Amino acid sequence: MSDVTSGLFDFDLSYFPKRIAGIDEAGRGPLAGPVVAACCMMPMDEMIDKINDSKKVSEKTREKLYEIIINKANFGVGIVSAETIDKINILQATKLAMRNSFEPLTLKPDIILIDAVGLDLPCATQSIIKGDAKSYNIAAASIIAKVTRDRIMRELDEKYPMYGFARNKGYGTAEHIAALKKYGPCPEHRRTFIKNFVEV
């Protein structure tokens, strides 16, 4: 068993006997695509090895863990579009995605641990800085959010192949910015994010 995963698991067990869930997001920084949040309530009677902050796990491992997590967890996903991000700003869009990810939970937790964001929800919440590297449930949520968003970006790549979304996931790589300047923005670009690169 991974020492890292054990540490995350033990952190969450310290809240016992409260039922806890974790919330995290993917996609706050990209120039294109939605912001995606996941709320995840893992069973705490067993530990799934290799669960960690999604940024520290390879894409192949993330995909495998995603399938295990969604089969065991009580979870929800919230997706907020680029258009809405432009209307309400990325912080408010992130909070909206997080609130939306909480709604589908069939069993409500006693407390929700949230990665670095303060949020009003109908139960107790605790914002934890670098929570995806500390909490098992937040790390599991980060994997759900990241894999969900990456799959969306691969689908958008088929629709708008010129931007390389499958490779850059909407982030502002040199290749992406060059394509943006050559072709102009597509409907999935965040106008408030790309105004420094092209006229919008």
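These legends go with a set of close-up views of a predicted model.

**View 1. The largest nonpolar core and its busiest members.**
This core counts 37 residues, and Cys 40, Met 42, Ile 51, Ile 69, Tyr 136 and Phe 165 are the ones touching the most other members. Several pieces of the fold chip in: helix 1 (3-13), strand 2 (35-41), helix 2 (59-72), helix 5 (136-159) and helix 7 (174-183) each bring at least two residues. Helix 5 is the top contributor to this core, with eleven residues. Apart from it sits another core, made of 20 residues, including Ile 23, Ile 90, Ala 93 and Cys 123.

**View 2. Phe 165 and the residues around it.**
Which residues does Phe 165 touch, once those up to four places away in sequence are set aside? The list runs Ala 32, Met 153, Leu 156, Asp 157, Tyr 160, Gly 170, His 176, Cys 186 and His 189. Phe 165 is also among the members of the largest nonpolar core that touch the most other members.

**View 3. Helix 2 crossing helix 5.**
Here the two helix axes come within 9 Å and cross at roughly 115 degrees. Helix 2 and helix 5 therefore count as roughly perpendicular to each other. Their crossing is left-handed. On the helix 2 side, the contact uses Glu 59, Arg 62, Glu 63, Leu 65, Tyr 66, Glu 67, Ile 69 and Ile 70. From helix 5 come Ala 140, Ile 143, Ile 144, Lys 146, Val 147, Thr 148, Asp 150, Arg 151 and Arg 154. Sort the residues of this contact by class and you get eight nonpolar, one polar and eight charged.

**View 4. Helix 1 meeting helix 5.**
For helix 1 and helix 5, the axes come within 7 Å and cross at roughly 120 degrees. That makes helix 1 and helix 5 oblique to each other. Helix 1 offers Thr 5, Leu 8, Phe 9 and Asp 12 to the contact, while helix 5 offers Tyr 136, Asn 137 and Ala 139. By class, this contact of helix 1 with helix 5 has four nonpolar, two polar and one charged residues.

**View 5. Ser 142 and Ile 143 on helix 5.**
Ser 142 lies in helix 5, and so does Ile 143. Are they buried or exposed? Ser 142 is buried, with a relative accessible area of 1%, and Ile 143 is buried too, at 0%. Leaving out residues up to four places away in sequence, Ser 142 touches Asp 24, Asn 52, Asp 53, Ser 54 and Asp 132. With neighbours within four places again left aside, Ile 143 is in contact with Ile 51, Asn 52, Ser 54, Arg 62, Leu 65, Tyr 66 and Ile 69. Ile 143 and Pro 187 are 44 residues apart in sequence, and their C-alpha atoms are 26 Å apart in space.

**View 6. Ser 101 inside helix 4.**
Look for Ser 101 in helix 4 (residues 90-102). Ser 101 counts as buried because its relative accessible area is 0%. Not counting residues up to four places away in sequence, Ser 101 touches Ile 23, Ala 37, Ala 38, Cys 39, Gly 76, Val 77 and Gly 78.

**View 7. Ser 81 in a loop.**
Ser 81 is found in the loop between strand 3 (74-80) and helix 3 (82-88). With 32% relative accessibility, Ser 81 counts as partly exposed. Ser 81 and Ala 32 are 49 residues apart in sequence, with 9.3 Å between their C-alpha atoms.

Technical notes:
Residues numbered from 1 in each chain as written. Predicted model: local features only at pLDDT ≥ 70, side-chain atom pairs only at ≥ 80, totals over all residues. Heavy atoms only, no water. Helix = DSSP H or I, 4+ residues; strand = E, 2+ residues; numbered from the N terminus. Buried < 20%, exposed > 50% of the residue type's maximum accessible area, 1.4 Å probe, protein only. Core = buried A, V, L, I, M, F, W, Y, C linked by side-chain atoms within 4.5 Å. Contact = heavy atoms within 4.5 Å. Axes fitted to C-alpha atoms, helices over the stretch in contact; angles between N-to-C directions. Parallel < 35°, antiparallel > 145°, perpendicular 65-115°, else oblique. Left-handed = near helix turned anticlockwise from the far one by under 90°. Nonpolar A, V, L, I, M, F, W, Y, C, P; charged D, E, K, R; others polar.
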